[in-house]
Amino acid sequence: MAKLLKKRLKKAGLPPGTLVHIGERKLESARITFIDYDEQNFQEKKLDNIEECFPFKGTPTVTWINIDGLHQTDIIERLGKHFELHPLILEDILNTAQRPKAEDLGNYIFVVLRMLSYNDQAQAVQSEQVSMVLGQSFVISFQENVGDVFEQIRNRLRNGKGRVRKVGADYLVYALLDAIVDSYFIILEKFGEKIEGLEEELIHDPSDEILHQIHTLKRELIGLRKSVWPLRELVGGIERSESALIKESTGMYLRDVYDHTIQVIDTVESYRDMVSGMLDIYLSSISNRMNAVMKVLTIIATIFIPLTFIAGIYGMNFKHMPELEWKFGYAAVLIIMLIVVAIMLIYFRKKKWL
Amino acid sequence: MAKLLKKRLKKAGLPPGTLVHIGERKLESARITFIDYDEQNFQEKKLDNIEECFPFKGTPTVTWINIDGLHQTDIIERLGKHFELHPLILEDILNTAQRPKAEDLGNYIFVVLRMLSYNDQAQAVQSEQVSMVLGQSFVISFQENVGDVFEQIRNRLRNGKGRVRKVGADYLVYALLDAIVDSYFIILEKFGEKIEGLEEELIHDPSDEILHQIHTLKRELIGLRKSVWPLRELVGGIERSESALIKESTGMYLRDVYDHTIQVIDTVESYRDMVSGMLDIYLSSISNRMNAVMKVLTIIATIFIPLTFIAGIYGMNFKHMPELEWKFGYAAVLIIMLIVVAIMLIYFRKKKWL
Amino acid sequence: MAKLLKKRLKKAGLPPGTLVHIGERKLESARITFIDYDEQNFQEKKLDNIEECFPFKGTPTVTWINIDGLHQTDIIERLGKHFELHPLILEDILNTAQRPKAEDLGNYIFVVLRMLSYNDQAQAVQSEQVSMVLGQSFVISFQENVGDVFEQIRNRLRNGKGRVRKVGADYLVYALLDAIVDSYFIILEKFGEKIEGLEEELIHDPSDEILHQIHTLKRELIGLRKSVWPLRELVGGIERSESALIKESTGMYLRDVYDHTIQVIDTVESYRDMVSGMLDIYLSSISNRMNAVMKVLTIIATIFIPLTFIAGIYGMNFKHMPELEWKFGYAAVLIIMLIVVAIMLIYFRKKKWL
Amino acid sequence: MAKLLKKRLKKAGLPPGTLVHIGERKLESARITFIDYDEQNFQEKKLDNIEECFPFKGTPTVTWINIDGLHQTDIIERLGKHFELHPLILEDILNTAQRPKAEDLGNYIFVVLRMLSYNDQAQAVQSEQVSMVLGQSFVISFQENVGDVFEQIRNRLRNGKGRVRKVGADYLVYALLDAIVDSYFIILEKFGEKIEGLEEELIHDPSDEILHQIHTLKRELIGLRKSVWPLRELVGGIERSESALIKESTGMYLRDVYDHTIQVIDTVESYRDMVSGMLDIYLSSISNRMNAVMKVLTIIATIFIPLTFIAGIYGMNFKHMPELEWKFGYAAVLIIMLIVVAIMLIYFRKKKWL
Amino acid sequence: MAKLLKKRLKKAGLPPGTLVHIGERKLESARITFIDYDEQNFQEKKLDNIEECFPFKGTPTVTWINIDGLHQTDIIERLGKHFELHPLILEDILNTAQRPKAEDLGNYIFVVLRMLSYNDQAQAVQSEQVSMVLGQSFVISFQENVGDVFEQIRNRLRNGKGRVRKVGADYLVYALLDAIVDSYFIILEKFGEKIEGLEEELIHDPSDEILHQIHTLKRELIGLRKSVWPLRELVGGIERSESALIKESTGMYLRDVYDHTIQVIDTVESYRDMVSGMLDIYLSSISNRMNAVMKVLTIIATIFIPLTFIAGIYGMNFKHMPELEWKFGYAAVLIIMLIVVAIMLIYFRKKKWL
């Protein structure tokens with residue numbers, strides 16, 4: 001995060017609407033893909049030049065332009081000019097530290113949120129900003145990098161399966177949102193596994209290492225929460241919006257996504273509760289261990305310190321120590337020592353330390 | 001939970017409205033029961049074929065179709081088609097990880113919530129998703145498994161006792177909801193007993209085991225809370241809904257269920273407070289124990305270490321140690337030791353360590 | 001609480017409106033008292049038969065029927081039938097685990113709340129459910145047991161003092177509510193005294209016992225809070241209700257009760273904060289004590305362990321140990337020991353352990 | 001507080017509107033001061049008899065009656081009768097445990113809040129209830145004791161400086177409120193100093209005493225909060241009220257007081273956060289200290305215990321111990337001991353305990 | 001803060017609207033800069049006399065007057081008189097302990113907030129109050145000291161770049177707000193770096209010093225929060241205000257600032273969560289360290305205390321101790337000791353203490 005803030009600073013002071021890419025450059029050059037369809041027709045192209053898609057702006061077919069890679073600001077600028085996007089919207093698209101939100105600008109709706117994926121190697125959540133512009137019969141989506149969770153939607157479009165080819169651009173945006181929110185469940189599952197794993201470990205071997213793992217988990221959940229909480233408002237906002245761009249029949253679908261976001265949020269909150277509980281358990285375990293250590297020390301020390309003292313007494317070199325001369329002095333002392341030990345053990349047993 | 005998330009993932013990417021059962025298969029084959037009644041007539045059947053109940057859709061008598069087992073998605077699909085249920089609703093019925101909710105879809109109301117039961121053997125709460133569709137003079141209910149809390153409602157229907165036969169389908173839905181919420185009190189009672197038991201144990205024997213029991217209880221309460229909190233909104237939503245399907249006279253009954261859900265929520269919250277308090281007590285008890293252990297160690301060590309030192313002095317082998325030659329040297333040393341012990345004991349008594 | 005839940009369960013599954021007494025039977029037989037008054041007339045009777053009061057239903061005088069003891073459900077049923085009370089309301093009256101609430105049912109208002117008293121012997125709060133029905137010129141109140149906080153209201157009615165005889169039934173209900181809320185201040189005072197007592201003890205003698213007292217207090221406050229929080233909504237609800245049963249002039253009085261409930265709630269919350277603070281203090285005190293114990297152990301041990309070692313050196317039996325032959329060897333060793341002690345004491349003083 | 005609750009109890013059960021002074025009697029006899037002014041005229045008197053001010057009720061000049069001392073309930077009763085104050089309002093004035101609030105009663109507005117002052121000797125906040133009644137061209141204020149924060153307002157009235165003489169009674173009430181809220185900043189400053197002082201101490205010498213100081217501070221903040229939180233609603237309520245008694249021009253001034261109350265609340269909340277933080281620091285410091293103590297004990301003990309053991313070996317009296325006969329046996333043992341010490345010191349240094 | 005409260009007190013009791021500078025005097029004399037522009041023209045001056053800018057009040061060009069230094073109250077008073085600012089607004093400008101807020105006064109909007117900068121030398125956040133008055137075609141800004149974050153806006157005005165010269169005074173206020181909120185990201189970045197640094201340190205070397213750093217960070221975040229939270233309301237308030245002074249086209253820009261403030265608030269909250277987590281980690285680390293120390297002590301002590309006891313036994317001087325005469329007595333004892341040590345080590349290994 002600190003890194004993004006730093007990038008952001010480079011821009012501070014520039015006039016609003018100045019297009020500067022704030023984020024990591026993840027690609028050599030931007031990749032533009034173009035899909036145009038209605039119930040009968042379907043067309044898919046990889047564009048070298050953003051201008052190729054301009055003629056499709058006014059057509060009744062649904063046009064979906066997807067751009068991977070945000071560092072070539074001129075592409076986004078030309079696109080923005082042609083589709084009449086507000087400069088501040090273009091700025092938001094380029095700034096990859098946006099808070100998820102939806103904005104209704106009259107002739108188009110702008111949505112920005114985060115797409116999450118789990119990198120099994122790094123054992124960490126990876127996150128990429130996705131922005132979408134929903135206009136009259138067109139959708140433009142912007143991603144930071146190639147690779148996304150939309151492949152199955154593309155397949156449905158190609159095969160003409162499901163509702164998606166029969167209905168408008170608003171349904172496409174719904175489908176994209178749904179795919180993103182669905183992908184959150186993968187992340188949640190990974191977290192769930194991690195938590196279960198940690199709990200197992202916690203009970204059987206509360207090592208020093210585990211504390212840092214709990215802490216890391218906690219921080220990741222703080223991060224996840226930041227991506228997830230605003231979604232509720234985002235989806236709810238689109239659903240309740242009275243924009244003519246959202247058909248009434250799509251409302252039901254958006255409510256479905258809304259339910260999913262609430263489920264995601266609920267699960268994240270439960271996880272937070274669980275992780276807090278694990279910290280408590282961890283701390284108690286440490287206390288318990290220390291207790292166990294102390295008990296052993298106490299038992300050994302309290303048994304042997306008095307015995308050693310008795311031995312010390314008869315190790316003194318006084319001339320006149322009658323006991324030393326007794327025939328069974330030594331045996332008597334050993335017996336006394338045994339009695340002392342027995343008393344101690346009974347006391348400890350009574351105290352439930354043994 | 002992690003398991004359900006995993007199941008869910010199988011579905012991610014399929015077009016919305018695709019019917020896939022997300023959950024455990026708990027039955028060989030679905031069991032369909034059918035009840036049709038009005039004030040005078042009553043009819044109850046076990047159906048082999050879902051189509052048998054289709055003719056009852058338009059009749060003025062109240063029809064209650066109950067389906068146990070969700071894995072045969074074709075049954076639900078055919079049923080849905082005949083009763084004109086939205087594909088997303090069917091999807092919600094099949095996905096057994098739903099958050100409790102009520103949705104008014106105009107010509108029917110959809111309700112999904114969880115039915116809880118306590119498995120005494122496993123000492124754990126078992127949970128099953130129940131969905132209901134309330135239409136004009138019909139109710140369709142879906143359960144994951146056979147066995148439910150509705151038997152007494154069926155008996156009342158059979159015997160024609162109470163209001164239930166005299167009033168419409170909305171009252172039946174109320175009765176089902178009421179039965180489910182009432183069953184929560186059984187769970188709460190079990191938790192109450194567990195908490196009381198743990199508190200007893202906590203005071204008399206704060207063992208290591210108890211910490212894990214408290215932790216388990218806490219997690220179960222987090223789970224219970226997730227089932228219970230949305231109920232308030234659910235019942236309140238139905239009560240306040242202006243649907244023509246809910247008669248005014250039923251409002252009073254729904255408000256009664258609403259009061260019960262609030263009581264359930266209140267009790268869950270109190271339990272959470274109590275369990276937190278128990279954790280505090282537990283940690284304090286551990287500290288106290290450690291204190292007690294330390295005190296014994298300190299007392300033994302501080303008494304005997306100086307004495308052993310004195311004995312050590314007179315165990316030295318110096319040629320010229322006049323005390324060793326004294327006649328009452330040994331006696332004198334023993335007396336000095338006693339004085340040291342006396343001083344220590346007085347000091348400890350003053351410090352209230354004894 | 002677990003007990004009440006258990007009782008409740010007996011009823012689960014019965015048709016709604018079935019009258020079953022859920023609670024402890026505290027009386028041999030129900031006691032019915034009857035008061036009828038207007039500005040000029042006053043009449044007070046103990047009824048053997050609930051039907052005796054039925055003729056007073058329509059009269060312009062204010063009729064107050066009070067019933068102590070809820071287990072004779074037939075009395076309540078007949079009363080309910082005559083005064084046209086909804087079966088669910090009768091059920092609420094009989095179920096003594098109600099959450100405090102007020103309900104406006106058009107031709108009467110139903111109020112249920114808890115009357116608290118402090119049992120000095122048991123050192124515990126005792127609680128009894130009170131329900132009231134306010135109709136056109138009549139008030140019916142139900143209590144679990146004889147003995148209440150209304151005696152002074154009865155005296156005012158008998159003597160014709162104060163406003164109470166001049167105004168209607170709504171004012172009587174206000175007076176009853178006011179008496180109950182006023183009685184909460186007695187409970188609060190008891191808690192205040194307990195807290196002050198515990199704080200004193202905490203500072204002077206943080207014993208093991210005190211932890212359980214703090215814990216008990218905390219639980220009692222959780223219980224009190226459950227009775228007290230819903231009151232705010234209850235009184236506020238009646239005040240804001242637009243029922244014709246509540247005269248405008250009574251509004252001012254209800255607002256006064258409302259202020260008192262807020263004061264009660266505020267005080268309960270403050271007490272909770274204080275009790276939490278006490279727990280912190282207690283835990284710190286334990287830590288401090290342990291610190292003190294450890295310090296003594298450390299000082300004694302660190303002083304004597306090296307000295308004992310020195311003595312041990314010269315207790316060895318080597319043939320060739322020149323120091324042992326020296327004339328002032330013994331004295332020298334004693335002096336060395338003194339020097340070691342002095343250095344240690346200076347070190348401890350520097351570290352502020354002494 | 002417990003004391004006030006006890007006083008309150010004396011009244012429980014009396015009819016509402018019975019005038020009983022609940023609070024400490026702080027004065028011999030009530031002191032009544034009277035100020036009457038408009039832009040041209042100013043008159044100030046000390047009244048012996050409350051009736052003297054009655055003729056000024058209807059006049060167009062602003063009349064301010066201030067009463068110090070509340071135990072002479074007859075004065076307040078006569079005043080209340082003449083100015084037509086509701087009996088419940090008079091009761092609120094006399095009950096000095098009121099929660100701050102403002103009530104609009106149509107022909108007058110009633111305000112009650114607390115005036116705080118800091119007693120430097122007792123090192124404690126002192127608090128006094130102030131009630132005000134704002135009517136058409138009159139203000140009546142009630143205080144528990146002589147001495148207030150209004151002296152500068154009186155001076156401005158006497159000198160005819162500022163707006164106060166030119167505008168109406170509502171501005172006077174504003175000025176009084178403003179003076180009270182301003183006086184809270186003095187209390188906040190005292191708390192701020194205390195907190196800074198405690199933090200200094202905490203870092204340099206976390207004594208046992210400081211824990212009780214933190215606890216006391218925490219409790220005082222709980223108390224302050226109780227006085228301060230309702231102010232927001234109080235001032236906001238007056239500002240938003242549509243009473244004809246509040247001129248529009250005064251709204252701006254009330255908003256200013258409102259901002260100040262928010263600032264007071266914010267500061268109290270920050271202080272609470274800081275005090276919580278201090279408790280954490282304190283507890284950590286204790287842990288650190290204990291750690292330091294333990295380290296010294298461990299180092300001394302782990303160094304000398306093995307050495308003492310070695311010395312003990314050669315203090316044994318076996319006939320056949322060849323080492324004892326060696327010429328350099330003693331020297332060898334001393335050297336071995338030095339080596340053991342060296343190894344230990346290296347180990348401790350590696351563990352960063354030294 | 002305590003200092004500002006103290007300053008404030010000097011003013012307590014003065015009539016409202018009295019102009020007193022509450023804050024530190026940071027400048028010799030106030031510096032007045034004046035900028036006047038429209039799309040074609042641009043004029044910038046340093047004024048010696050505030051009256052020089054008065055003629056520009058009514059002109060259609062946008063006039064921006066900036067005043068650095070608040071102690072010369074007469075300048076502000078004359079300015080206020082000419083531009084018809086309410087005395088309470090002037091008071092707010094001079095009181096540098098204002099809570100951030102925006103107020104719509106009809107013919108002008110008043111905004112006050114804090115400009116933050118990070119002093120790298122002092123390693124602390126520095127804060128300065130900025131007030132702005134937006135009128136019909138004029139903006140007046142007040143700062144405590146020279147040096148601000150507006151230089152780039154001035155440059156844009158000078159060069160005529162961007163929208164700023166083409167649009168009205170409301171856009172200028174937006175630009176100033178935007179610059180201030182943008183500067184918060186610099187502060188956030190510094191905090192982010194600090195937190196990351198502390199976390200590193202925490203893991204590798206949880207020293208005593210770090211606790212105070214965490215505490216300081218926590219306090220700074222409390223302070224930052226106080227500046228940042230009200231911003232949301234402030235910007236949201238301006239955006240939603242229906243003032244004619246805010247053109248519709250500016251709304252979009254204000255919404256952008258609003259998003260940024262939410263992002264700032266979110267980040268501050270995340271930081272608070274992280275710092276709390278760090279405290280937990282710190283405390284656990286201390287516990288772990290103590291555990292490690294205790295373990296070493298226990299191992300050494302439990303191994304050597306029994307051995308020393310055995311040695312003590314054979315150091316006794318009894319006449320009749322047969323073992324002492326045995327040929328291999330010494331060797332046998334040494335072997336026994338080795339066995340004891342071996343048993344102990346196995347026990348410790350089993351307990352996972354080694």
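Start by selecting chain E together with chain A in this predicted model, and display the charged side chains along their boundary, where the count is 7 salt bridges. One of these to centre on is the pair E:Asp259 and A:Lys101, which form a salt bridge whose closest N and O atoms are 2.3 Å apart. If you then widen the display to polar contacts across the interface of chain E and chain A, the rule finds 13 residue pairs, both members of each being at pLDDT 80 or more.

Colour chain E by secondary structure next, and ask which elements give two or more residues to the side of chain E that touches chain A. They are helix 4 (151-159), helix 5, helix 7 (248-313), helix 8 (322-325) and helix 9 (329-350) of chain E. Helix 7 of chain E gives the largest share of that side, with 36 residues. Recoloured by residue class, the side of chain E that touches chain A divides into 29 nonpolar, 18 polar and 15 charged residues.

Now show the whole contact as a surface, taking 62 residues from chain E and 63 residues from chain A. The size of an interface is often given as the accessible area lost when the parts come together. Between chain E and chain A the buried area is about 5,700 Å², and carbon and sulfur atoms give 64% of it. Select E:Met252, E:Phe309 and E:Phe318, since these are the residues of chain E that lose the most area to chain A, together 12% of what that side buries.

Stay with chain E, but hide chain A and turn to the strands.

What is the order of the strands in the open sheet of chain E? The sheet has 7 strands in the order 2-1-3-7-6-5-4, with mixed pairing. Its edges are strand 2 (42-47) and strand 4 (101-104) of chain E, each of which pairs on one side only. Neighbouring strands of this sheet are turned against each other by 15 degrees on average, with direction ignored.

Within this sheet, select residues 31-37 and residues 62-68 of chain E, which are strand 1 and strand 3; the two run antiparallel and are joined by 7 bridges. To see how they line up, label E:Ile35, which stands opposite E:Trp64 in strand 3 of chain E. Then bring back helix 5 (residues 169-204) of chain E, which packs on the sheet and touches strand 1, strand 3, strand 5 (109-119), strand 6 (124-135) and strand 7 (138-143) of chain E. The direction of helix 5 makes about 30 degrees with that of strand 5 of chain E.

Move next to chain C, beginning with its own strands. Strand 1 (residues 31-37) and strand 2 (residues 42-47) of chain C pair in the antiparallel sense over 6 bridges, and the two form a hairpin with 4 residues between them. Label C:Ile32 here, and its bridge partner in strand 2 of chain C will be found at C:Leu47.

With chain C still shown, add chain D. The contact takes 61 residues from chain C and 63 residues from chain D, and the two chains bury about 5,700 Å² between them, 64% of it on carbon and sulfur atoms. In chain C, the residues that lose the most area to chain D are C:Met252, C:Phe309 and C:Phe318, together 12% of what that side buries.

For the charged pairs, the rule finds 7 salt bridges across the interface of chain C and chain D, among them the one in which the side chains of C:Glu199 and D:Arg219 meet at 2.3 Å, N to O. Polar contact across the interface of chain C and chain D links 14 residue pairs, with both residues at pLDDT 80 or more. Helix 7 of chain C supplies 35 residues, the largest share of the side of chain C that touches chain D. By class, that side has 29 nonpolar, 17 polar and 15 charged residues.

Finally, select A:Asp266, which lies in helix 7 (residues 248-313) of chain A. Leaving aside residues up to four places away in sequence, A:Asp266 touches B:Arg99 and B:Lys226. A distance drawn from the C-alpha atom of A:Asp266 to that of A:Val139, 127 residues apart along the chain, comes to 30 Å.

To close, display chain A with chain C, which do not touch and whose nearest C-alpha atoms are 9 Å apart. Chain B and chain D likewise do not touch, their nearest C-alpha atoms being 9 Å apart.

Methods
Residues numbered from 1 in each chain as written. Chains lettered and ligands numbered in written order. Predicted model: local features only at pLDDT ≥ 70, side-chain atom pairs only at ≥ 80, totals over all residues. Heavy atoms only, no water. Contact = heavy atoms within 4.5 Å. Buried area = accessible area lost by both parts, 1.4 Å probe. Salt bridge = Lys/Arg side-chain N within 4 Å of Asp/Glu carboxyl O. Polar contact = N/O pair within 3.5 Å; in protein donor to acceptor, adjacent residues only side chain to side chain. Nonpolar A, V, L, I, M, F, W, Y, C, P; charged D, E, K, R; others polar. Pairing = 2+ DSSP bridges. Axes fitted to C-alpha atoms, helices over the stretch in contact; angles between N-to-C directions.
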